[in-house]
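Student: I would like to learn how to read this model. Where do we begin?

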Amino acid sequence: MNFLRIAAVSKSFGANHVVKEFNLDIDKGEFISFLGPSGCGKTTVLRMVAGFETPSAGRIVLNGEDITALPSRQRNIGMVFQAYALFPNMNVFDNVAFGLKVAGQPKAEIAARVSEMLKLIHLEHLADRYPYQMSGGQQQRVALARALAPRPQVLLLDEPLSALDAKIRVSLREEIRHIQRQLGITTIFVTHDQEEALSISDRIVVMNGGRADQIGVPADIYNRPATRFVASFVGTLNMIEATVLDQSGTVKIGETVVSLPEPIVHRQQGETVSLALRPEAGSLTGDLRGDTALPGKVLSTHFLGSVIRTKLDVAGHQVSFDTFNGPETRLPAAGEPATLRFAARDLLVL
Ligand code: ADP
Ligand code: MG
């Protein structure tokens with residue numbers, strides 16, 4: 001049985017249909033990310049799980065109990081928000097103790113639990129500090145400890161890292177994942193940052209216009225995007241148009257005939273089909289990787305550190321490919337011709 005079930009949940013605000021028949025089954029202990037652009041309904045789904053919003057239709061079932069109409073305070077769900085929502089007039093200890101005090105727990109138990117939580121987030125030494133005396137990253141760790149202190153059944157994190165600097169963001173996301181694994185707590189993590197979602201999730205729900213476009217493990221979301229939206233939102237994508245020669249999968253890109261890995265069933269001969277290729281799937285250095293070669297011309301090269309991104313024109317399409325930066329790396333310069341090599345099986349037919 002699934003631990004948390006979101007079944008055909010919809011939400012409208014007036015005529016604005018924000019969430020549309022959203023379905024998701026989450027196992028106990030799973031770390032799920034909601035990934036999607038601003039306004040696609042991520043927070044609204046989270047708020048319905050938390051009980052801050054009531055679905056217009058559908059059901060939410062937690063651990064076998066239908067909680068769709070249950071008031072938020074009876075749901076035993078912990079939540080962390082984007083902006084540091086700590087109580088500014090309380091020190092760290094009192095912030096973390098808050099939920100336990102509300103629940104009427106005895107003083108000694110509260111003290112023990114708060115100290116356990118502060119150890120978990122490595123901030124035992126800051127128990128007396130006030131929020132304004134701490135960095136953003138420290139405040140979010142306290143917010144996490146406060147959410148976890150009452151032993152919630154589910155942890156909801158709504159873009160908890162997006163207000164932080166890049167470096168802190170990476171270290172804190174790893175810390176969150178570590179703590180989540182340690183506690184085995186079922187977690188939904190909302191983000192609009194694809195790298196964040198890919199790096200820490202058991203599964204990702206890619207949301208688009210109030211719907212789940214695709215639900216899958218990170219590698220599947222990246223390697224086998226279910227829709228054009230998922231393909232373009234997650235990762236960088238090169239789009240190349242090709243003409244269908246026959247439906248068994250033979251196409252023409254510019255003047256080059258290419259055999260696709262799968263038949264083309266949804267296009268007729270002579271029609272155009274969009275193909276996509278990831279920047280790391282093509283080689284420009286002349287090593288013989290892949291079974292397909294296309295002539296192109298270099299437009300510009302960009303040194304990005306670990307990789308060099310080359311923009312080139314291939315059959316009238318502007319595409320970008322990455323080459324690892326190494327002592328032997330030799331790339332054609334802007335204005336020079338280049339041969340793009342890749343394996344046809346890496347082409348995504350969209
Ligand atoms: P996300 O978190 O993915 O950025 P939200 O769930 O916050 O998206 O919002 C989705 C849409 O729902 C937006 O168009 C937003 O304006 C609208 N919306 C959210 N909450 C309300 C509300 N309480 N009343 C009216 N519209 C809302
Ligand atoms: Mg949001």
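Tutor: Begin with the domains. This is a predicted model. The domain assignment splits the protein chain into domain 1 (4–233) and domain 2 (238–349).

Student: How many Å separate the centres of domain 1 and domain 2?

Tutor: The separation is 39 Å, with centres taken over C-alpha atoms.

Student: What does UniProt place at residues 4–234?

Tutor: The unreviewed UniProt entry gives the feature "domain: ABC transporter" for that span. In the model, residues 4–234 are 36% helix and 26% strand. The C-alpha atoms at the two ends of the span lie 26 Å apart.

Student: Now the ligand. Which residues surround ligand 1?

Tutor: Read a shell as a list, then map the list onto elements. Phe13, Asn16, Val18, Gly36, Ser38, Gly39, Cys40, Gly41, Lys42, Thr43 and Thr44 surround ligand 1. Strand S2 (16–26) and helix H1 (42–50) are the elements that each give two or more residues to this shell. H1 gives the most, with three residues.

Student: How do the residues of the shell around ligand 1 divide into nonpolar, polar and charged?

Tutor: Three are nonpolar, seven are polar and one is charged.

Student: Strand S2 came up there. Is Glu21, also in strand S2, exposed, partly exposed or buried?

Tutor: Count the neighbours. A residue is buried if 20 or more other C-beta atoms lie within 10 Å of its own, and exposed if 12 or fewer. Glu21 has 14 such atoms, so Glu21 is partly exposed.

Student: Which residues is Glu21 in contact with, leaving aside neighbours within four places in sequence?

Tutor: Glu21 is in contact with Ala8 and Ser10. Compare sequence and space for another pair: Glu21 and Thr68 are 47 residues apart in sequence, and their C-alpha atoms are 14 Å apart.

Student: Ala8 is one of those contacts. What is the phi of Ala8?

Tutor: Look for positive phi in residues other than glycine. Phi of Ala8 is near 50°, a case of this kind. Ala8 lies in strand S1 (residues 4–13). Ala8 is exposed, because 12 other C-beta atoms lie within 10 Å.

Student: Where does Asn63 lie, and what is the phi of Asn63?

Tutor: Asn63 sits in the loop between strand S4 (57–62) and strand S5 (65–66). Phi of Asn63 is near 55°, again a positive value in a residue other than glycine. With 15 other C-beta atoms within 10 Å, Asn63 is partly exposed.

Conventions. Residues are numbered from 1 along each chain as its sequence is written. Chains are lettered from A and ligands numbered from 1 in the order in which they are written. This is a predicted model: local features need pLDDT of at least 70, side-chain atom pairs count only at pLDDT 80 or more; totals for chains, interfaces and linings use all residues. UniProt positions are given in the numbering used here, feature names are shortened, and annotations may be inferred rather than shown by experiment. Helices (H or I, at least four residues) and strands (E, at least two) are DSSP runs, numbered from the N terminus. Domain bounds come from an automatic or database domain assignment. A residue is near a molecule or strand if its C-beta atom, placed from the backbone, lies within 6 Å of it. Ala, Val, Leu, Ile, Met, Phe, Trp, Tyr, Cys and Pro count as nonpolar, Asp, Glu, Lys and Arg as charged, and the others, Gly among them, as polar. Two residues are in contact if their C-beta atoms, placed from the backbone, lie within 7 Å.
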